[in-house]
Amino acid sequence: MHLLFPKPTVGFPSQIFPLRASVFVFCFDCHYVNIWGSRTTTDVQSGTTGQFIMQTQAEGTFNRALADALRSINPHWDEHVCRPEIIGMLEAGRQLRLDVLITEPTAPPVAIECSYVASDADRDAQDRLELTLVETARRIDAPFDAAIAVVIPEEFRNLRQSLASRALCAGTTFGMALFQRRSDGFERFPEGGGHIVARLDNLSDLLAAAAVTDERVNSLTQQVALRIRQAANNFVTIPERMRRQIAATVQHSVIDGLRVVTLMWFNALMAQHQLHRSGVADVGPIHFEPALQPVSAEYLTQWRRILEVNWNAIFLPAVQALEIACNYEYEMRTVMELLNDAARELDTARLGRHVNVGAELFPLLSEDRKEAAAFYTTAGTAEFLARLAIRDVDLPASEWRRRDLYGRHRLADLACGTGSLLLAGYHRIGSLSRRHGGRPDAAMHRMAMEQGIVGVDVSPLATHLTASSLAGLGDQEPYGHTNIGWVDVGRPVQEAGQATTGSLEYLASNETANLYGEGHGRAAGQEAPHELIVVEDESIDWILMNPPYNRTRGGQTAFDIAGLNDCQRRQFQKRWRALVKRRPANKTAGMAASFLMLACQKLRCHGRLGFVLPLTAAFAESWAKTRAMIENGFTDIVAVTIGGDHHAGPQSEDTGISEMMLFATRRADNGVAAEPVSCVTLNVAPTRNGIAGELARAVAQAAGELEGVDDDTRATPVILANASVGTAVRHAETGRGDPWFPLGVQSATLSMVARHLVQGRLLAQDWRTHAFAVPMTTISELFKVGPSHDLIGCPRGSRSPRGSFVVDALPDNQMAGLDGMLWSHNHASQTSLLVTPTHSGTPRDGQDIARIRETASTLFYARNLRWNTQKLVAASAARPTMGGRSWVSLRHDNPNVLKAAALWFNSTPGIVVHWTRGQRTDPGRAPTQITAVKRMPAPRFDALSEEQLERSAECFDALCERPLRRIVHANDDPVRSQLDAHVCDMLGLPQQTRDDLSEWCRHLCNEPSVQG
């Protein structure tokens, strides 16, 4: 008898179980028998005792089958870790049954409650959060912080245990929901009562993340950080010279350096505890009782003994600092007692291996993170990024199973910080290997440490913490030299007047030593014969990065980090300029664009990248050629951001910057045709407790549904447990790097309307399109665009005089002289199409005054638009006037063309087109650089007939002094409605399209990016 299973369908259907998995038994007489019938309902109507008993028996069979299946895909889970049908282990209600109990040695317990009735499964899972597990033999006395409800499909009711286990392993779907304890009750995921459609591997991944709640981790890390601060404060009685010597082992700052030293000692304590638990020979235990705690000299002896075996990355810096500190035993006894207290708290909570010392604790102890550009990736973002960047389809099943997987494929982060992304990527690769029958073991971990993982950062301390965190995941398997290390910033290079730029030097060389000399280092488990970290071009399979965002502006230079003087920073700028010259990365965009270009250079063909980027990457003109590089050189492009409040769910700690995530696959046929971008806007942010992984799965499903469709404005909801958690829009691109305007948009319909408008079509509410009577062009093709304010002049009293004029503000109602300027916005006075100058200019000696005067015009385009206060996208003046900081002049020989353009720019279509090109990083604002203004789409007004242009001029003259409402209220503005009506007539659109424009205007005004 052979059991045949179909390939499971992956998806998020509209009902809990709309997919039907059929199981057939092949008999020797060559007949096929369908064992499972179609599901008719999830709930069971049990009206008799006999039916209840049968249901209970069926659930018990499924529970045992589920435990068998979970153990089969997780090599670390045996019958002692994953147990079904447990009775008598609950402190209150000892006769209650646990359907499946997960008790890993280093994690709080998790209960899985299963039922054919969805409401029963939910109720039982929620009830478990009020109970405590007591198991004397295994020294477990812990509450349930997490429980998972599993809704059993009806098809399992009559299956034997072995068949049910095989069906689960083959990918049969079921429903699940996560319940987690909170200080004020409990939290259910997903909210709203639905259940996630899941397979066995999804349940396994959720179990790995769900046992440890973010609230518990945050509470404990705060307590541990407090102990470390208290420990560091005990050094105050040590002579300052010795304090500096201790701190200098890791960091330049005395106070922070001492905190970091105590953090390294704490890290070593936790590592020793894990080594002892894992049975590593000659590694003694950590005694948590104060009476048994050894003196610091005994710790030193123990750690030196460990160093003789391996784990240099963890213990060598700790030993070097402890050798000095041992001379002050009185202070050190208190220091080590406090660190032991912190270790005991983590051990008691069974969270020792779930708190990343670098990612969780280091940010709480560092006081100069902004100066050091040290904004670390949140745990939820790391999981989300790894899940979407590293995909099942990236390798064939046979490759995922290989024990030498890390010898053939590499994972890298060239701005790794304390290693959050590398750890998340390591877990993801291990999960995919197990899914395909692989058995990640100690040998595979050692290969990952020595070959498969590449991590580089400018901070030696950060890479130390990265290496030690990764080492702790491998059952304490010894390892040799790694590809994790640090590279210097600011060290002189051979080119005169230039200084090194950290990991960006890999743009010029595969080997850091060629450029750094001694300004680099690597982490090693044993003494490494070579200090070189080689990152060859086209050698990496997966690159995950959250690069620095620094950029040069406002008197600051990129990488204004601690320890660099002004001369070094200027040299750094010069070197950076040389590295990115003639490459698709603009220095104005900041460091992030350069790191993205570096990743593209190091990725293999068909390699994948996952990046956290500032949201300006999707919209700013300075990012245009970098976006073009992605569109022309990659496929499977997905951009993700969180909608609504731009501070919701930051991807990096404490940046206060609107951010996005980018995923893409490098392709071989670079430049053949531009690839579309799937722009995903989520309503919820990924968090650390397993929600991030499920959210990533929903995003992948939605993006997959957009692939291969012909409609360049296709949209689909992101569905999680029958509820929409966001929208995905397919945004076809030309390869020019135009803004990815659907990103962050609440209304997918608005994205489709905008796409048609920039192409010269109006989308009606009946989904028909109406072409404009004239073709579309760009502002620079139609008008002569004036200069930036820097060339025009500068305000009187400026510390850095520039431009041709000294600029003075005009008092209210005062007329401008010869050199009037529309310099700034004034929402109180600039209420109609016709405005008056705000400033006047006085010529500066020796400047080319005539050339700037020639740029004067009667039409101006807004550069710093505020949707919620301003009324105008374009303004007109009664006589020629120069532009300024907030307005740029547009010139044309035909004054009627200027008037027709003023009508268009301030109509609903013109506003929507501006919305597609303006930046949206700050809600309520849409600034545009001069280059973005030049590339702004607009109809060819000069192709209109003279008669139409005259009618446009008459409409302008009739409306130019009529007050407009703020743009955010444009959908309720009678004057704006008249503008829309004339624009429809001017472009040859049917009369009924006025109602369509009114509806689209309503969509625009409801957007969070417009409302602010």
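Here is a short chat about the helices, cores and one sheet of this predicted model.

Visitor: What should I know before we start?
Guide: Local features need pLDDT of at least 70 and side-chain atom pairs count only at pLDDT 80 or more, while totals for chains, interfaces and linings use all residues. Side-chain values use heavy atoms, without hydrogens and water, and residues are numbered along each chain as its sequence is written, from 1.

Visitor: How do H31 and H32 run relative to each other, roughly parallel or roughly antiparallel?
Guide: Helices here are DSSP runs of H or I with at least four residues, and strands are E runs of at least two. Helix H31 (residues 946-959) packs on helix H32 (residues 974-986) at about 175°, their axes 11 Å apart; axes are lines fitted to C-alpha atoms over the stretch in contact, and angles run from 0 to 180 degrees between N-to-C directions. Angles over 145 degrees count as roughly antiparallel, so H31 and H32 are roughly antiparallel.

Visitor: Which helix gives the largest share of the largest nonpolar core?
Guide: A nonpolar core is a set of buried (under 20% relative accessible area, 1.4 Å probe, protein chains only) Ala, Val, Leu, Ile, Met, Phe, Trp, Tyr and Cys residues joined through side-chain atoms within 4.5 Å. This one has 206 residues, and Trp265, Trp303 and Phe384 touch the most other members. The largest share, twelve residues, is from helix H7.

Visitor: Which residue in S34 stands opposite Met821?
Guide: The open sheet has the order S30-S31-S34-S32. Two bridges join S32 to S34, and the two run antiparallel. Opposite Met821 stands His839.

Notes: Parallel < 35°, antiparallel > 145°, perpendicular 65-115°, else oblique. Buried < 20%, exposed > 50% of the residue type's maximum accessible area, 1.4 Å probe, protein only. Pairing = 2+ DSSP bridges.
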